[in-house]
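Dear colleague,

I am handing over the structure we spoke about, and I would be glad if you would look through it before reading my notes.

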Amino acid sequence: MMLDGQAAFKNVDGDMEIFWGAYVGTADEILVSGKLSDVLDEIERVRHEARSKKGWIMDTYLLRKPQTR
């Protein structure tokens with residue numbers, strides 16, 4: 001997902017895995033991944049801090065069902 005200004009991942013099953021990144025491919029790249037319920041607060045915090053610092057954010061994420069092992 002790209003250009004999700006509403007952070008729709010907040011409304012997804014918390015058991016999903018998320019791979020989230022901001023400013024991907026730049027010197028300012030930020031990456032967070034894990035079980036959505038475990039990293040949701042971190043993503044929201046980092047996203048807010050990054051947007052406040054730069055005045056904008058370009059982030060993207062991938063959601064997938066958890067891998068069974």
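Below is what was found, going from the whole chain to single residues.

Please note that this is a predicted model, in which local features need pLDDT of at least 70 and side-chain atom pairs count only at pLDDT 80 or more, while totals for chains, interfaces and linings use all residues. Residues are numbered from 1 along each chain as its sequence is written, and side-chain values use heavy atoms, with hydrogens and water left out.

The protein has one helix and three strands, where helices (H or I, at least four residues) and strands (E, at least two) are DSSP runs numbered from the N terminus, and along the sequence they follow the pattern β-β-α-β. Its radius of gyration, taken over C-alpha atoms, is 12 Å, which agrees with the value near 11 Å for a compact globule of 69 residues under the rule of 2.2 Å times the number of residues to the power 0.38. Of the 69 residues, 30% are buried, meaning under 20% relative accessible area, whereas exposed means over 50% and partly exposed lies in between (1.4 Å probe, protein chains only).

Helix α1, residues 36–54, reaches 25 Å from its first C-alpha to its last, close to the 27 Å expected at 1.5 Å a residue, the expected span being 1.5 Å times one less than the number of residues. Its buried residues are Leu-36, Val-39, Leu-40, Ile-43, Val-46, Arg-47 and Ala-50, and their cover includes β1, β2 (30–35) and β3 (59–64). An α-helix has 3.6 residues a turn, so residues three or four places apart point the same way. Just after α1, Gly-55 takes a positive phi of about 90°.

Val-32 lies in strand β2 and counts as buried because its relative accessible area is 6%. Leaving aside residues up to four places away in sequence, Val-32 touches Ile-18, Phe-19, Trp-20, Val-39, Glu-42 and Ile-43, a contact being heavy atoms within 4.5 Å.

On the surface, Met-2, Leu-3, Trp-56 and Met-58 form a nonpolar patch with about 470 Å² of accessible area together; such patches join nonpolar side chains (Val, Leu, Ile, Met, Phe, Trp, Tyr) within 5 Å, and like charges within 9 Å, among residues with over 30% relative accessible area and no salt bridge, that is, no side-chain nitrogen of Lys or Arg within 4 Å of a carboxyl oxygen of Asp or Glu. Accessible areas come from the Shrake-Rupley method with a 1.4 Å probe, and for residues only the protein chains shown count as cover. Met-2 sits in the segment before β1 (17–22) and is exposed, at 53% relative accessibility.

With best regards
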